[in-house]
Amino acid sequence: MTRAIQDYYPERFSHCFGCGRNNPHGHQLKSYWKGDETIARFTIAPMYSGGVPGNAYGGMVASLIDCHGTASAAAFACRAQGHELGEGAEPVRFVTASLTIDYLRPTPVGKEVTITGRLMSLEGRKVRVALALAAGGTVCARGEMLAVQFRE
Ligand SMILES: CCCCCCCCCCCC(=O)SCCNC(=O)CCNC(=O)[C@H](O)C(C)(C)COP(=O)(O)OP(=O)(O)OC[C@H]1O[C@@H](n2cnc3c(N)ncnc32)[C@H](O)[C@@H]1OP(=O)(O)O
């Protein structure tokens, strides 16, 4: 898959600060399938430093995990319905109902990090996703998300 999950979001839902392709001031995170899991790559700019020089502030870490989680939920739900993103109906859109983060190690700025997502469960409108953010092979943070399909 060469197109990012977020690139399938409808125009009207593409202004998220973390991942909206139509938000020129945002991070424009891009998430992709990687086998049965999902992955995003991102380099945190030094301006997002936390209190310790060279390390990112926690909100930035949570933001990346958050946006990758909702994108993953959309992709997992789509595949569970028997089709891929971009095939047929407009992709379902998920919002974060609950997100927990464990900060395990400092997350560096200025180096590429990867964020991965794994489907834990899917039940009706609810998708639970296990998430991890790693830098250079070290897992810096883990997250668990409950994403709920948005009802228009
Ligand atoms: C236009 C923009 C579009 C899209 C906007 C694009 C956003 C980009 C995404 C980036 C990620 C974000 O930051 S999103 C932004 C941060 N998140 C938000 O602002 C969401 C605010 N919360 C909400 O709008 C609402 O609470 C929802 C949509 C999550 C759920 O409300 P609802 O649709 O009325 O559904 P509701 O019946 O309450 O809940 C559905 C099921 O989930 C369970 N549930 C709900 N919340 C929780 C919870 N915190 N912990 C455990 N379980 C929960 C309920 O028990 C129920 O289970 P059962 O009884 O069925 O078993």
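Two strands are taken to pair if DSSP finds at least two bridges between them. Helices (H or I, at least four residues) and strands (E, at least two) are DSSP runs, numbered from the N terminus. In these terms, Val127 has Ala147 of E6 as its bridge partner. The structure is a predicted model, in which local features need pLDDT of at least 70, side-chain atom pairs count only at pLDDT 80 or more, and totals for chains, interfaces and linings use all residues. Residues are numbered from 1 along each chain as its sequence is written.

The protein chain contains one helix and six strands. Their order along the sequence is β-β-α-β-β-β-β. The radius of gyration, taken over C-alpha atoms, is compared with a globule rule of 2.2 Å times the number of residues to the power 0.38. The protein chain has a value of 15 Å, which agrees with the value near 15 Å for a compact globule of 152 residues. Along the principal axes, the C-alpha atoms fill a box of roughly 45 × 30 × 25 Å.

Buried residues account for 33% of the 152 residues. A residue is buried if 20 or more other C-beta atoms, placed from the backbone, lie within 10 Å of its own. Contacts are defined by C-beta atoms, placed from the backbone, within 7 Å. Of the contacts between residues at least 6 apart in sequence, 63% join residues at least 24 apart.

Strand E6 (138-149) pairs with two strands, E3 and E5. E3 and E6 run antiparallel and are joined by nine bridges. Within this pairing, Asp102 is bridged to Arg142 of E6. Strand E5 (residues 126-135) is also antiparallel to E6, over 10 bridges. E5 and E6 form a hairpin with two residues between them. Gly136, in the turn, has a positive phi of about 55°.

The ligand is surrounded by 18 residues. A residue counts as near if its C-beta atom, placed from the backbone, lies within 6 Å of the molecule. Cys16, Val95, Ala97, Ser98 and Val148 come nearest. Helix H1 (58-80), strand E3 (94-103) and strand E6 each supply at least two residues of the shell. E3 gives the most, with four. By class, the shell holds eight nonpolar, five polar and five charged residues. Here Ala, Val, Leu, Ile, Met, Phe, Trp, Tyr, Cys and Pro are nonpolar, Asp, Glu, Lys and Arg are charged, and the others, Gly among them, are polar.

UniProt, in an unreviewed entry, lists residues 54-130 as "domain: Thioesterase". The end C-alpha atoms of residues 54-130 lie 26 Å apart, and the span is 30% helix and 35% strand.

Methods: A residue is buried if 20 or more other C-beta atoms lie within 10 Å of its own, exposed if 12 or fewer, and partly exposed in between; C-beta atoms are placed from the backbone. Two residues are in contact if their C-beta atoms, placed from the backbone, lie within 7 Å. UniProt positions are given in the numbering used here, feature names are shortened, and annotations may be inferred rather than shown by experiment.
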